[in-house]
Every structure is written in structure tokens, then in C-alpha cells.
Amino acid sequence: MKAFAALLFRDMRLAFRAGGGASLAAAFFALVAALVPFGVGADLALLGRIAGGVLWVSAALAALLSLDRLFQADFEDGSLDVLALSPLSLEAASAAKILAHWITTGLPLVVLSPVLGLLLNLPAPAYGALVASLLIGTPALSAVGAIGAALTLSIRRGGLILALIVLPLITPALIFGAGAVSGALDETGRGAFLFLAAFSVAAVALSPFASAAGVRLNVGG
Amino acid sequence: MTGFFAMGGYAVFVWPAYAVTFTVLIAAIILSLQSHKQAKKAVRELEEEGSVTEDHG
Amino acid sequence: MVMITALANPKRFLDFSRTIVPWTCATAVILLGVGFYWSLFATPPDYQQGQSVKIMFVHVPAAWMGIFVYGVMASASLVGLVFRHPLADVAAKSAAPLGAAFTALALLTGSLWGRPMWGTYWQWGDARLVSELILLFIYLGYIALWNAIDDPVRAARAAAVLALVGAADVPVIHFSVDWWNTLHQPASILRLGGPTIDKSFLAPLLIMIVGYTFLFLWLWLLRMQTEILERRARSLMMARGA
């Protein structure tokens with residue numbers, strides 16, 4: 001338990017450092033959301049209709065940003081080998097890293113989202129659903145992303161491949177997350193939240209095993 | 001006969017669908033056969049080379 | 001099961017497949033020949049879709065193969081990871097490009113089939129087609145992963161994990177796309193194929209499906225042989241360098 005906490009805080013500290021990715025993801029999230037009106041026009045009614053979906057897509061892309069270093073940084077300086085030999089199981093270590101990633105990347109997105117919702121003219125009833133859906137759904141992004149990060153950790157410039165393999169896998173989170181936001185305006189929101197929660201729970205529960213397998217195949221002799 | 005090719009007005013959809021099907025399937029066949037032939041050739045040449053150098057000790 | 005373990009030796013596999021490959025080729029050619037002829041020349045027009053229903057005979061088999069081949073790939077991946085069968089990763093690697101090709105074909109033919117009905121070349125309302133689009137991306141990511149990792153053993157294991165994760169996710173993806181559609185579109189009108197298919201279509205459709213399967217088996221065995229031969233060539237070259 002102590003080893004878990006130690007790893008968790010270490011990863012969080014590293015992420016909050018300059019170039020660590022935490023503020024980077026939040027900035028990217030805001031930037032993408034701010035770019036959309038330039039692309040689709042300033043029609044507030046249109047923006048309001050697509051705001052939920054736009055923010056969810058931005059969140060997915062922003063979560064991807066810091067993922068490629070999740071295991072690779074430790075792999076390159078040898079700490080991953082040390083981790084593999086430590087009493088903390090690789091599954092637990094992966095879980096700690098996923099949690100650290102979510103706290104440093106996912107949570108800032110959740111906090112930032114209402115402000116961006118204002119920029120995009122999100123309808124008033126949908127704000128609660130926006131924050132809640134991101135809160136419930138971003139763990140899935142970190143979890144599934146970690147699997148991709150583990151599998152690609154030995155690939156130089158692996159970020160693109162990571163995005164290619166992770167984005168299709170998180171489609172359900174995107175569908176249910178955006179669906180929950182648009183569903184706040186009619187009656188369909190509750191089903192979306194349930195499915196989103198189920199997907200997140202399953203992803204968080206299963207990802208440490210797949211991620212650990214990915215680390216093992218790269219680190220083992 | 002022209003009636004057949006017209007496909008009841010849907011010719012512009014039916015024939016391209018079959019054309020792209022033939023193209024993809026035949027391309028898959030040709031590519032698979034080609035790489036197989038190349039691999040067989042490579043192995044045969046390397047094995048002959050190996051046995052030749054063995055004779056020369 | 002015994003046969004699979006007996007085939008673990010690459011040389012034995014090559015000998016075994018050498019006898020089987022011609023038969024799969026011949027069966028595929030015959031079935032597809034009969035199937036294409038029957039589909040094109042001997043089927044009536046559908047009372048709803050007219051002659052455009054003929055596209056069904058090339059779309060449905062391709063779509064089915066896209067999914068079937070992924071199942072083969074995932075099963076081979078599982079066998080490779082759990083039982084460490086030496087040829088399992090060869091089997092998975094060889095199947096992937098074929099599965100991707102079938103899936104792409106399903107998307108192209110599906111687009112053409114739907115156009116008369118939908119008025120556009122793509123319709124997000126068909127859950128099956130949209131799921132197939134995502135499946136194509138999953139195939140491409142799998143192939144890219146194989147190519148991106150230098151060490152072949154690592155690449156095989158990483159790809160295997162990815163294949164299994166994808167296998168677990170694909171039903172969830174299909175479910176979510178389906179759910180998303182019931183939200184935004186009226187249901188069955190937009191789906192390819194329509195509610196009822198004339199019974200006279202079943203026989204040629206089945207022949208096409210089986211024919212496509214044998215075509216896959218033929219090319220899959222061929223590609224597995226190629227992969228084994230390429231590995232042998234690489235090891236011969238390395239031994240020569242020594």
C-alpha cells in the first residue's frame with residue numbers, strides 16, 4: 001500500500017513539473033475547444049448544439065497527449081526495470097500510474113470544462129451533465145490509454161501509433177459521454193450515464209492487467 | 001442484354017460494387033502469391049549458397 | 001487440438017499446408033465461380049430494392065469475413081499468449097491484412113448498396129456499417145503495431161494483447177453505436193438489407209459466404225508459409241554473416 005502511494009505521488013509530482021504534461025493537456029483541451037468556432041462559424045445556436053460533443057472529442061485528444069510518456073519515461077531511464085523487480089506488482093504499479101494520469105490530466109479537464117462550455121454556448125441545463133460525464137468518463141480514457149502506452153513504450157515517436165490504437169477503443173466513452181451531455185436536454189441522459197459508468201468501471205478494473213502484460217513483454221528478458 | 005447491364009437503373013451502383021470486389025480480391029491473391037514466390041526463392045538461394053560454401057569447406 | 005500441437009514445428013506445418021493449399025484454392029475458385037455467376041445472372045430483383053440487391057452478394061460475405069477473420073486473429077493471439085504455440089503469432093499476423101481488406105471491401109460495397117436507399121454515400125445511421133468502420137481502424141492499428149516494433153517476439157506479444165483488448169471492446173463498440181443510433185435516427189429504415197430477403201437469395205448468398213471463407217483459408221495458409229519462409233531466410237542470412 002505504501003509502495004502504491006509512493007509511486008502515485010511520484011508520478012503526480014513528475015506530471016506537475018514543467019514539461020510534465022499536466023498543464024499541457026489542459027491547455028490543449030482549451031485550445032481545441034477554442035479553435036472549433038473558427039472552423040464551424042460563430043453561430044451560437046450551432047455551437048450550443050455541438051458543444052458537448054466538441055468538448056468530449058477535445059478531452060479524448062487531450063488525454064492522449066501525455067500518455068505516450070506514461071511508461072516510456074521510466075523505460076528509458078531504467079526505473080521500469082526497477083519497478084518490475086519491486087515488491088509492488090506490475091498490475092498495482094499500472095493502477096497507480098493510471099490514477100496519477102487521471103488526477104493530473106483528467107481532473108483538470110473536468111474543472112476547465114464549464115468555462116469552455118461558456119465559450120461554446122452550452123445550454124444551461126447541460127453544465128451539470130458535462131462535468132459529471134467528464135468526471136465519470138475520463139478515468140476510462142486514462143485506463144484504456146495506459147494499455148496503449150504500455151504496448152507502445154518501446155517505439156520511438158510512438159505517440160501516433162498510440163493514438164491510432166487507443167482512439168477506436170474509447171469510442172464507447174465518447175458516444176456515451178457526449179450522449180449524456182446532449183441527453184441532459186431530453187430524457188435520454190440517464191441511460192448514457194449508466195453505460196458510461198459501466199464502461200469506465202470495466203476499463204479501470206481490466207486495464208491494469210493488460211497494461212502490466214504490455215510492460216512485461218517489453219521489460220522481461 | 002442492355003437491360004441486364006442497366007440493372008434496372010442501378011447500374012452505377014451495382015457494377016462498381018462488383019468491380020471493386022474483383023479488384024480487391026484479385027489484388028489480395030496476386031500480392032499473396034508474389035510474396036510467397038519471393039520468399040521461396042530467397043530461401044532456396046540462401047540454402048544453395050550455404051551448401052556450396054560447405055562443399056568448399 | 002492434437003493436430004494444432006503437432007503442427008507447432010514450422011517445417012511440419014509447411015509440409016502439411018503444402019498438401020492443403022491447392023485444395024483450398026480449388027474449392028475457393030469453384031465456389032466463387034458458381035457464386036458470382038448465380039448472384040449476377042440468376043437472381044431476381046428484390047421487390048423493394050430492385051437490382052441493387054445484387055450488391056448484397058458481395059457486401060454481406062465481405063462484412064462477415066471482416067468479423068470472422070478478427071475472431072481468427074484473436075483466437076490465434078490467445079493461443080500464442082497462453083500456450084506459447086510457436087506458430088500462433090504467424091497465424092495472427094498473416095490473417096490481419098486479409099481481414100482489413102475484407103472490412104474495407106465491406107465498407108465500399110456497403111456505401112454503394114446504401115446510396116440508392118439513403119441518397120448519400122454514407123449514412124451514420126447504419127450501426128453495422130459504422131461499427132465496421134471502427135473495426136477497420138482497429139485492424140490498421142494492429143498492423144501498424146506489428147510494423148512499428150523492431151523485435152519480432154515483442155511485436156508478436158504486443159500485437160496479441162492488442163488483438164485481445166480489441167476483441168473485448170468490439171462488441172461494446174457495436175452496442176454503443178447501436179444505442180447512439182436509436183437516439184438520433186428512426187431505426188430500421190436506414191439499415192442495409194431491409195426487413196425481408198427473398199428465400200431464393202439464400203442459396204447464392206451462402207455459396208458466396210463459404211467461397212469467401214475458402215478464399216481466406218487459401219490466402220491465409222499461403223501468407224503463413226511466406227512468413228515462415230521469410231523468417232527462415234532471415235536466420236539463414238544471420239548464420240551466413242557469422
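Trainee: What share of the 242 residues of chain C counts as buried?
Mentor: In this predicted model, 48% of the residues of chain C count as buried.

Trainee: And how many helices and strands does chain C have?
Mentor: Seven helices and zero strands. Read from the N terminus, the elements of chain C go α-α-α-α-α-α-α.

Trainee: What box do the C-alpha atoms of chain C fill?
Mentor: Roughly 70 × 40 × 30 Å, taken along the principal axes.

Trainee: Contacts next. Within chain C, what part of those with a separation of 6 or more comes from residues 24 or more positions apart?
Mentor: That part is 80%.

Trainee: Now chain A. How many residues of chain C are in contact with chain A?
Mentor: On the chain C side there are 24, and they touch 22 residues of chain A.

Trainee: Which elements of chain C give two or more residues to that side?
Mentor: Helices α5 (127-148) and α6 (152-184) of chain C do. The most comes from α6(C), with 15 residues.

Trainee: How do the residues on that side of chain C divide by class?
Mentor: There are 18 nonpolar, three polar and three charged residues.

Trainee: Different topic: α3 and α9 of chain A. At what angle do their axes cross?
Mentor: At roughly 145°, where the axes of α3 (residues 44-65) and α9 (residues 171-182) of chain A come within 8 Å.

Trainee: Is that crossing left-handed or right-handed?
Mentor: The crossing of α3(A) and α9(A) is right-handed.

Trainee: Which residues meet there?
Mentor: From α3(A), G52(A), G53(A), W56(A), V57(A) and A60(A). Their partners in α9(A) are L174(A), G177(A), A178(A), V181(A) and S182(A). This contact has six nonpolar and four polar residues, with no charged ones.

Definitions and conventions: Residues are numbered from 1 along each chain as its sequence is written. Chains are lettered from A and ligands numbered from 1 in the order in which they are written. This is a predicted model: local features need pLDDT of at least 70, side-chain atom pairs count only at pLDDT 80 or more; totals for chains, interfaces and linings use all residues. Two residues are in contact if their C-beta atoms, placed from the backbone, lie within 7 Å. Helices (H or I, at least four residues) and strands (E, at least two) are DSSP runs, numbered from the N terminus. Ala, Val, Leu, Ile, Met, Phe, Trp, Tyr, Cys and Pro count as nonpolar, Asp, Glu, Lys and Arg as charged, and the others, Gly among them, as polar. A residue is buried if 20 or more other C-beta atoms lie within 10 Å of its own, exposed if 12 or fewer, and partly exposed in between; C-beta atoms are placed from the backbone. Axes are lines fitted to C-alpha atoms, for helices over the stretch in contact, and angles run from 0 to 180 degrees between N-to-C directions. A crossing is left-handed if the near helix is turned anticlockwise from the far one by less than a right angle, and right-handed if clockwise.
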